[in-house]
Amino acid sequence: MAITTTLTLKSDAGDLLTDELSVVTSKDLHKAGTTTDLNQVRMGRNEIPTGTSFDLLDATTLAINKANKVYVSNLSTDETYYITLVIDAKTIGRLYGGDWMFIPWNCDDATHDIEVTASTGTNTIEWACFHEGETLPTQGD
Amino acid sequence: MATTIAQLTLTSTDLLSDSLSLSAVSTLTKVGTSTGIEHTTGLARAKVTSTAKGTTSGQVTLYTADDYAAIAYLYVKNVATTAGHKIFIYDDTTSGDPIQFQLDANDFAFIPMHGDKTYMAYSPGGNDPLIEWMVLGQDQ
């Protein structure tokens, strides 16, 4: 069940640098410490209103030291809109309209939730988490 | 205006019952504007020989807090090819030096950083993996 990720960073000669910038890297997503493909995914699309911090992804003990690859994209078209991403109460970054990120999320413990807060206006995001080790919540939790 | 493009593709033909094909393209700009970023550290490569956070040598500083104006984009890749040869990236600014990212062999990340935290790397397994990284944004 190969999931292939490719990142390209590109700028023409005379633009960011005097020479061309071209960085291309590719990786099949594997379970931690193995060459076994990841085979589980959660994904979604959400509208994030301003004023409240939301849990985008809950860290669980099952995810500790496992592979958790997270993609988040801010679909807002207004470049002044942004979402703030926080892990375990530490701000990781901001995604302005049109920005995206891809991180190997570290779940040290169950407090390492990924939280999102929208600013300026309601932001729409798309996200995916390719992972291992998850079981569904027991009924009634 | 400098134009710098960051693109991510995620594809799979067998994870789901239908094909997964996702592409995200972003033109890297100064905060809240459509003006392109103008600075970069350039691509760097180093060996990570430290096996614990907080040790005095062998760690690699990927980014120093407030070196760039927010938002600074960090590209980082673990160049190791053997599964399990991990690199941990931790926040050296916050008390307790929390680990924020784990890069297994050949893993990469692209992070629009808040920019106010120093990020450092070490390798707990003592495998001395190579790391590549680059910061893009606005130097200050």
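**Entry 1. V23(A)**

I started with V23(A), which I located in strand β2 of chain A. The model is a predicted one, and I kept that in mind throughout. I then asked whether V23(A) is buried or exposed. Its count is 16 other C-beta atoms within 10 Å, so V23(A) is partly exposed. Leaving aside neighbours within four places in sequence, I listed its contacts as L9(A), L43(B) and Y75(B). Two entries of that list, L43(B) and Y75(B), carry the letter of chain B. I also took one distance: the C-alpha atoms of V23(A) and S11(A) are separated by 9.4 Å, with their positions 12 residues apart along the chain.

**Entry 2. D28(A)**

I moved along to D28(A), which is in strand β2 (residues 21–28) of chain A. D28(A) has 14 C-beta neighbours inside 10 Å and therefore counts as partly exposed. With neighbours within four places in sequence set aside, I found D28(A) in contact with A2(A), I3(A), T4(A) and D37(A). For a longer distance I looked up Y82(A), 54 residues away along the chain from D28(A); their C-alpha atoms are separated by 30 Å.

**Entry 3. Where chain A meets chain B**

Next I looked up the interface. How many residues of chain A are in contact with chain B? I noted 46 residues of chain A, in contact with 46 residues of chain B. The elements of chain A that give two or more residues to this side are β1 (4–11), β2, β5 (68–74), β7 (90–96) and β8 (100–104). β1(A) supplies the largest share, eight residues. By residue class, the side of chain A that touches chain B divides into 20 nonpolar, 17 polar and nine charged residues.

I then checked how β1(A) relates to chain B. β1(A) pairs with strand β1 (residues 5–12) of chain B in the antiparallel sense, over seven bridges. In β1(B), T11(B) is the bridge partner of T4(A). T4(A) had already come up among the contacts of D28(A). For the complex, I copied the predictor's scores: an ipTM of 0.89 and a pTM of 0.93.

**Entry 4. Chain B overall**

I turned to chain B as a whole. Its pLDDT averages 94, and 99% of the residues score at least 70. I noted zero helices and 11 strands in chain B. The C-alpha trace spans about 45 × 40 × 25 Å along its principal axes. Of the 140 residues in chain B, 47% are buried. I also looked at contacts in chain B with a separation of 6 or more; residues 24 or more positions apart account for 72% of them.

**Entry 5. The nonpolar core**

I looked up the largest nonpolar core, which has 79 residues. Those with the most contacts inside it are L62(B), Y73(B), L74(B), V76(B), I89(B) and A121(B). Strand β6 (residues 68–78) of chain B gives the largest share of this core, seven residues. I followed up Y73(B). Not counting residues up to four places away in sequence, Y73(B) touches A6(B), L28(B), F110(B), P112(B), V135(B), L136(B) and G137(B).

**Entry 6. A sheet in chain B**

I traced an open sheet of four strands in chain B, in the order β5-β10-β7-β8, with antiparallel pairing. Which strands stand at the edges? They are β5 (60–63) and β8 (99–103) of chain B; each has a single partner strand, so one side of each is left without a neighbour in the sheet. Direction ignored, neighbouring strands of this sheet are turned by 25 degrees against each other on average. I also checked one pair in detail: strand β7 (residues 87–91) and strand β10 (residues 119–122) of chain B run antiparallel and are joined by four bridges. In β10(B), the bridge partner of F88(B) is Y122(B).

**Entry 7. Backbone oddments in chain B**

Last, I went through some backbone angles. The peptide bond from A70(B) to I71(B) is cis, with omega near 0 degrees. I71(B) is in strand β6 of chain B.

D66(B) has phi near 65 degrees, a positive value in a residue other than glycine. I placed D66(B) in the loop between β5 and β6 of chain B. With 14 C-beta neighbours inside 10 Å, D66(B) counts as partly exposed.

D97(B) also has a positive phi, near 50 degrees. D97(B) is in the loop between β7 and β8 of chain B. I counted 16 C-beta neighbours inside 10 Å, so D97(B) is partly exposed.

Terms used: Residues numbered from 1 in each chain as written. Chains lettered and ligands numbered in written order. Predicted model: local features only at pLDDT ≥ 70, side-chain atom pairs only at ≥ 80, totals over all residues. Buried ≥ 20, exposed ≤ 12 C-beta atoms within 10 Å, placed from the backbone. Contact = placed C-beta atoms within 7 Å. Core = buried A, V, L, I, M, F, W, Y, C linked by C-beta atoms within 7 Å. pLDDT = per-residue confidence, 0-100. Nonpolar A, V, L, I, M, F, W, Y, C, P; charged D, E, K, R; others polar. Pairing = 2+ DSSP bridges. Axes fitted to C-alpha atoms, helices over the stretch in contact; angles between N-to-C directions.
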